[in-house]
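Please open the structure in your viewer and keep the selection panel at hand. The stops below are given in the order in which they may be selected.

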Amino acid sequence: MELCVALDLPSAKENLALAESLKSYNIWMKVGFRTYIRDGKPFIEALKKINPEFKIFLDLKLYDIPNTMADASEEIAKLGVNMFNIHASAGAVAMKTVMKRLSSYENRPLVLAVTALTSFDEENFMTIYEKSIDEKAEQFAKMSYENGLDGVVCSTFESQAIKNATSSTFLTLCPGIRPFGEDAEDQQRVATLELAEQENVDFPVIGRPIYKDENPAQKVEDILNMIKK
Ligand code: C5P
């Protein structure tokens, strides 16, 4: 497992201070919508300056026509980030077009697909996708695998089932982790790191349990020790 820290603090200053406090760890940093829209490319550069070995996951969940998605993916590759994501519901043609466009990049970023947004309840999900969340998530995961993506964003509880349906090497990135059973806050179904290991999660994404801790570096150290064991 490789730890991915969600940089979800309200300002660039606070996010960079958090990154600074974690600079001795070569971990993944998740940069989301809000931060990227506000702080853009200079923020990515500032992170790399703090620790050139930080790996960056740009969580922008692209969803548009295939050519526009491929254009955006190419710009993302040029930014030098290591991973980004698209919506699986953009479809097979979009997936193929994105992967084809990135194939000329030597160190292309990993591409993950978002299967089902966890904010959906079954009823609202059904009105759009006409299938249950579990069924559709697995179908989207298979489609992503068949069209050359590297993995999916999913819940810890679906990780192993998705690998069974695709391949053990198909990556799973899972938010909603409370490493040692911390407060779930607004997450509906949370998993511990122990469960994430059992479910073969590749990237546990952890935000509040780290940045709300009085000593984020110590928390990261504890997590890394647990992962290494
Ligand atoms: O603070 P916490 O550990 O709950 O943060 C989880 C991160 O993962 C947040 O950045 C949140 O937006 C993101 N995320 C999520 N559930 C999803 C997709 C992304 O919690 N389904």
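The tour passes from the nonpolar cores to a helix pair, then to individual residues.

This is a predicted model, in which local features need pLDDT of at least 70 and side-chain atom pairs count only at pLDDT 80 or more, whereas totals for chains, interfaces and linings use all residues. Residues are numbered from 1 along each chain as its sequence is written, and side-chain values use heavy atoms, with hydrogens and water left out.

**Stop 1: the nonpolar cores**

Select Leu3, Leu22, Ile27, Met29, Leu58 and Phe84, the residues with the most contacts inside the largest nonpolar core, which has 56 residues. A nonpolar core here is a set of buried Ala, Val, Leu, Ile, Met, Phe, Trp, Tyr and Cys residues joined through side-chain atoms within 4.5 Å. Buried denotes under 20% relative accessible area, exposed over 50%, and partly exposed the range in between, with a 1.4 Å probe and protein chains only. Helix H10 (residues 216-228) supplies the largest share of this core, six residues. Helices (H or I, at least four residues) and strands (E, at least two) are DSSP runs, numbered from the N terminus.

Now restrict the selection to Leu3. Leaving aside neighbours within four places in sequence, Leu3 is in contact (heavy atoms within 4.5 Å) with Ile27, Trp28, Pro204, Ile206, Ile210, Val220, Ile223, Leu224 and Ile227. Apart from the largest core lies another, of twelve residues, including Met83, Leu112, Val153 and Leu173.

**Stop 2: Ile210**

Move from Leu3 to its partner Ile210, which is found in helix H9 (residues 208-211). Is Ile210 buried or exposed? Ile210 counts as buried because its relative accessibility is 0%. Beyond the neighbours within four places in sequence, Ile210 contacts Leu3, Val5, Pro216, Lys219, Val220 and Ile223. For a distance check, select Gly80 as well: the C-alpha atoms of Ile210 and Gly80 are separated by 25 Å, with their positions 130 residues apart along the chain.

**Stop 3: helices H3 and H4**

Display helix H3 (residues 66-79) together with helix H4 (residues 92-102); their axes come within 8 Å and cross at roughly 35°. The axes are lines fitted to C-alpha atoms, for helices over the stretch in contact, and angles run from 0 to 180 degrees between N-to-C directions. The crossing of H3 and H4 is right-handed, a term for the near helix being turned clockwise from the far one by less than a right angle.

Which residues make the contact? On H3 they are Pro66, Asn67, Met69, Ala70, Asp71, Ser73, Glu74 and Ala77, and on H4 they are Val93, Ala94, Thr97, Val98, Arg101 and Leu102. By class, eight are nonpolar, three polar and three charged. In this scheme Ala, Val, Leu, Ile, Met, Phe, Trp, Tyr, Cys and Pro count as nonpolar, Asp, Glu, Lys and Arg as charged, and the others, Gly among them, as polar.

**Stop 4: two buried threonines**

Select Thr172 in strand S7 (residues 171-174). Thr172 is buried because its relative accessibility is 0%. Its side chain and that of Ser159 are joined by a polar contact of 2.9 Å. A polar contact is a pair of N or O atoms within 3.5 Å; within protein, one must be able to donate a hydrogen and the other to accept it, and residues adjacent in sequence count only if both atoms are side-chain atoms. Among the other contacts of Thr172 are Val152, Cys154, Ile162 and Phe203.

Next, select Thr115 in the loop between S5 and H5. Thr115 is buried, with a relative accessible area of 3%. Its side chain reaches the backbone oxygen of Val153 at 3.3 Å. The residues in contact with Thr115 include Ala88, Ala137, Phe140 and Val152.

**Stop 5: loop residues**

Finish with residues in loops.

- Glu130 lies between helix H5 (122-129) and helix H6 (133-146); it has a positive phi of about 55° although it is not a glycine, and at 65% relative accessibility it counts as exposed.
- Glu185 lies between S7 and helix H8 (193-198); its phi is positive, about 50°, although it is not a glycine, and at 38% relative accessibility it counts as partly exposed.
- Asn107 lies between H4 and strand S5 (110-114) and, at 73% relative accessibility, counts as exposed.
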